[in-house]
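Please work through the exercises below with the sequence and the model open side by side. Each task is followed by a solution that proceeds step by step.

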Amino acid sequence: MNPSRLLYLAIGALALSLVAAPRYAQAQGRVTLDSSYGCVSCHAEHRQSFIAGIHSEWGMRCHDCHGGDPTAFEIASGHRQPFLGNPNKRETVQLCASCHSDPNQMRQYGLPADQLAEFRTSRHGELLLARGIDDGPGCTDCHDAHTILPPDDARSDVHPTNISATCAVCHDDAEMMGPYGIPVDQFETYRASAHGVSLYEKGNYASPTCVNCHGSHAALPAPPGEVPNVCGQCHVLVRQEFFEGPHGDGALEGEIPGCLACHSQHGTEHIPAESVQATCRECHETGTPEDVMAGKLQETLVQAEQDLEEASHSIDELVRHGRDVTSARLRFRTAKANQLQLTLVQHSLDTLRIEDLSRRVRSTSRGIQEMAEVSTEHRWEHKLMTIPVWFLALAVVFFSAVKLSGVRRTYE
Amino acid sequence: MVRKALSSIGTAVSQTWQAIKASTDASILGAARFLGLLYGPIDRSLPIDKALKKSLGYRLAPHVGWRHSLGGIAYLLFVILVVTGVMLVFYYRPSPEEAHASIQHLVSDVAFGWLVRDVHAWSANLIVVALILHMGRVFLEASYKPPRETNWLIGLLLLVVVFMFGASGYLLPWDQWSYWLVAEITHAMEALPFFGATMADAVRGDEVVSGATLSRFFAMHVVLLPWVAAALLVYHFILVRRRGIAPPMDVAGDAPKGAAGPGVPFFPTQLLRSLIVSSLVIAVVITLAAFFPRPVGDPADISTVPESIVTTWLLADVARALIRYVGPSLFFVLVILLGGLAVLPLFDRRPTRDLRDRRMALVLGALFLVVFASAWVAGRQMRDTPPSIAVEQEPVVSEQAPIPTEPLGPRPIQPAQPEDEGGVP
């Protein structure tokens, strides 16, 4: 082929691709937010925030929410009706719901279409929509107005590591919460709780945040009778044990606030074994049969922890002695599993099973300790070996010294 | 009465021995005669008997006393290290997967395996002490002066070789303490100017302490360094024999070089002295091994920094203190001091050996000792601290979002990035 013809062909192909590319994008429903898009000629500050969000990624543009004419470059023609402009909170909820409540539109994104319905049932929705009070948050208070990101995006305000702080923007505001009698220390309490530590310090994203217990769009505090079920969504076995015991019936009948009778709601603190009786005494008086039982339970739990700790020290000692600790470590795991089971079973107050598990912990731990004791005995035998060594050495020294003095006398 | 009984027993034994000698029974004396037949031709070509008699008859200067046994103690410890080291190699397997397990097996299952290992470990410590004391005596008595300056230099080289022996052997147990100590030291080595990074890479054979490092350290410890040490030792002893032991400090000039003449004969006087010292040293080493065995740490784990490092070698403490408290600067001071000691005989050539005339040399030596001892004491104090490499090492976090340390609210929108201008979303 003629080289000049080849060049013409290449230039032609390049020109075709330049023309075809934007048309392809338009055919996919993606209007570019460049200088040809009228809105950004004035509202350039929103352009960057919008294109960072998920809506831009799926091809939505300014006029899809705000209306107006994006092909116009003057204020009047650009804001041509239908033009919504800057919607208020209630309008925003309706605007978002126009798509997010439509199952046919949401199906392709795998999103539920009942968010508005859920929101209406929540305390937030009641305030905002039913009573018209702007203290209730709208969609954009949690999801941002333009940079709307999916919850699994770590930049999102509703990502597990951010959602509780997002809630705290309002719930830490004493002025806003005052009229509703809601305390403002919940976020700080949560951060220090077992759940908060697990999430923020250990990076465990499975740890619950505000929305896991209260719901997200249908956010409400759980009634006391439902608390064991809410906690039981994760603490399945604890819930099972709890309802097998005497406290479970009380919780079902609403006599006690379920888990919250012993563990505070946002603090969710772990109760140390040595504080069990003191916790029980918050409800049961000293000297009652329940108090005596609590004392025994505490003693058993403390003993199991001590047994495990001593077994752990024994393993450390065996390691120092150079012993193979594979078997000891496996036995320790068994004891640890039994001790964990014990912490579950304590919620049922089943004394027979509690005693059985504590015996198992003690027996296994004792076996490990015996291994360490045998090893220590061997080390003692090593020390005894120095007696004949020194006897021999001193004998050599003595006879050599005698001989040496004899030699010296000979020289003298 | 007793004397009479002893005398009759002695007579009986003597008569029995004579009877055995006179016996024609080949089963008892035949073996000895056979060995004699074998030995005869060897002795004719290599007069071993004559050499042995000459050695035993070697006369040492009358002033040679107990203080001269320090070098002998160092040599005895070296021999113990070689013997126990060979025994250890029978069981030790130099690979990251097997090294720790083989030490465990040796200590737990092999008869007297613990003794061999702990005697090896304690001898490695005591040899450093013995060498420093030996060199201290040589230094104070100015025995490094001509004509013995070469031997002083060889001695210093031997000290360095012993340091290298200890350093290369320290990693071999492949437990958390040894692994992270070597990691800390090689990491610090990178900070040395000019050649630090290259040297650290060469020592490790990898970017981190790994199986490659273990192979290198093992090869150094059991293949290369023993030959170097043996060559230097032989040269050291030859020079001791040629130049003789330095005269007393109050005697000007050189000392008599031994051989025939006045003095104390090696046999039996010096041999008996050596026997006394050796017995005591061996008993002390075994006692230390039995009462203070080197603990076995957890197997080395590259992903877990230990909370504390149990150091079991004198110089490991010194190295940690140098790294932690002063960094490479004091290390250089120590190297310069050691270099100063090495070239001392070149500058201090006056025949006088009186301490009052050698103030500069004394200051240099004292400074070295003070820095060394201080670093050791400081290193002992920091046993419960994690390795310094852990402080600089970035925490191992999987690909997760940054965990907020402050309460977060909805964040302001980031300003526009230049590359996004006019971009197509």
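The exercises that follow concern a predicted model, and they move from chain A as a whole to helix packing, a nonpolar core and the backbone.

**Exercise 1. Describe the secondary structure, burial and contact range of chain A.**

Step 1: counting the secondary structure elements of chain A gives 24 helices and 0 strands. Step 2: chain A has 412 residues, of which 28% count as buried. Step 3: if one takes the contacts in chain A with a separation of 6 or more, residues 24 or more positions apart account for 53% of them.

**Exercise 2. Determine how H22(A) and H23(A) are oriented with respect to each other, and which kinds of residue form their contact.**

Step 1: H22(A) covers residues 326-345, and its axis comes within 9 Å of the axis of H23(A), with a crossing angle of roughly 160°. Step 2: because angles over 145 degrees count as roughly antiparallel, H22(A) is roughly antiparallel to H23(A). Step 3: the handedness of this crossing of H22(A) and H23(A) is left-handed. Step 4: on the side of H22(A) the contact includes Phe332(A), Leu342(A) and Val345(A), and on the side of H23(A) it includes Leu357(A), Ile368(A) and Met371(A). Step 5: sorted by kind, the residues of this contact between H22(A) and H23(A) comprise 10 nonpolar, 8 polar and 3 charged.

**Exercise 3. Place Arg366(A) in its helix and decide whether Arg366(A) is buried, partly exposed or exposed.**

Step 1: Arg366(A) belongs to helix H23 of chain A, which spans residues 351-384. Step 2: within 10 Å of Arg366(A) there are 14 other C-beta atoms, so Arg366(A) is partly exposed, given that a buried residue needs 20 or more and an exposed one has 12 or fewer. Step 3: Asp307(A) is 59 residues away from Arg366(A) along the chain, yet their C-alpha atoms are separated by 7.5 Å.

**Exercise 4. Identify which residues touch the most other members of the largest nonpolar core, and which helix gives this core its largest share.**

Step 1: the largest nonpolar core has 99 residues, and Leu77(B) and Ile127(B) touch the most other members. Step 2: helix H6 of chain B, residues 113-140, supplies the largest share of this core, namely 13 residues. Step 3: when its neighbours within four places in sequence are left aside, Leu77(B) is in contact with Ser123(B), Leu126(B), Ile127(B) and Ala130(B). As background, nonpolar side chains in soluble globular proteins tend to be buried together.

**Exercise 5. Locate the cis peptide bonds that precede Pro82(A) and Pro268(B), and the positive phi values of Asp144(A) and Trp174(B).**

Step 1: it helps to recall that most residues other than glycine have a negative phi, and that most peptide bonds are trans. Step 2: Gln81(A) and Pro82(A) are joined by a cis peptide bond with omega about 0°, and Pro82(A) sits in the loop between helix H6 (75-78) and helix H7 (89-100) of chain A. Step 3: the bond from Phe267(B) to Pro268(B) is also cis, with omega near 5°, but Pro268(B) is found in helix H11 of chain B, residues 266-291. Step 4: Asp144(A), in the loop between helix H11 (139-143) and helix H12 (160-171) of chain A, has a positive phi near 70°, and Asp144(A) counts as buried because 20 C-beta neighbours lie inside 10 Å. Step 5: Trp174(B) has a positive phi of about 55° and lies in the loop between helix H7 (149-170) and helix H8 (176-189) of chain B; with 27 other C-beta atoms within 10 Å, Trp174(B) is buried.

Conventions
Residues numbered from 1 in each chain as written. Chains lettered and ligands numbered in written order. Predicted model: local features only at pLDDT ≥ 70, side-chain atom pairs only at ≥ 80, totals over all residues. Helix = DSSP H or I, 4+ residues; strand = E, 2+ residues; numbered from the N terminus. Core = buried A, V, L, I, M, F, W, Y, C linked by C-beta atoms within 7 Å. Contact = placed C-beta atoms within 7 Å. Axes fitted to C-alpha atoms, helices over the stretch in contact; angles between N-to-C directions. Parallel < 35°, antiparallel > 145°, perpendicular 65-115°, else oblique. Left-handed = near helix turned anticlockwise from the far one by under 90°. Nonpolar A, V, L, I, M, F, W, Y, C, P; charged D, E, K, R; others polar.
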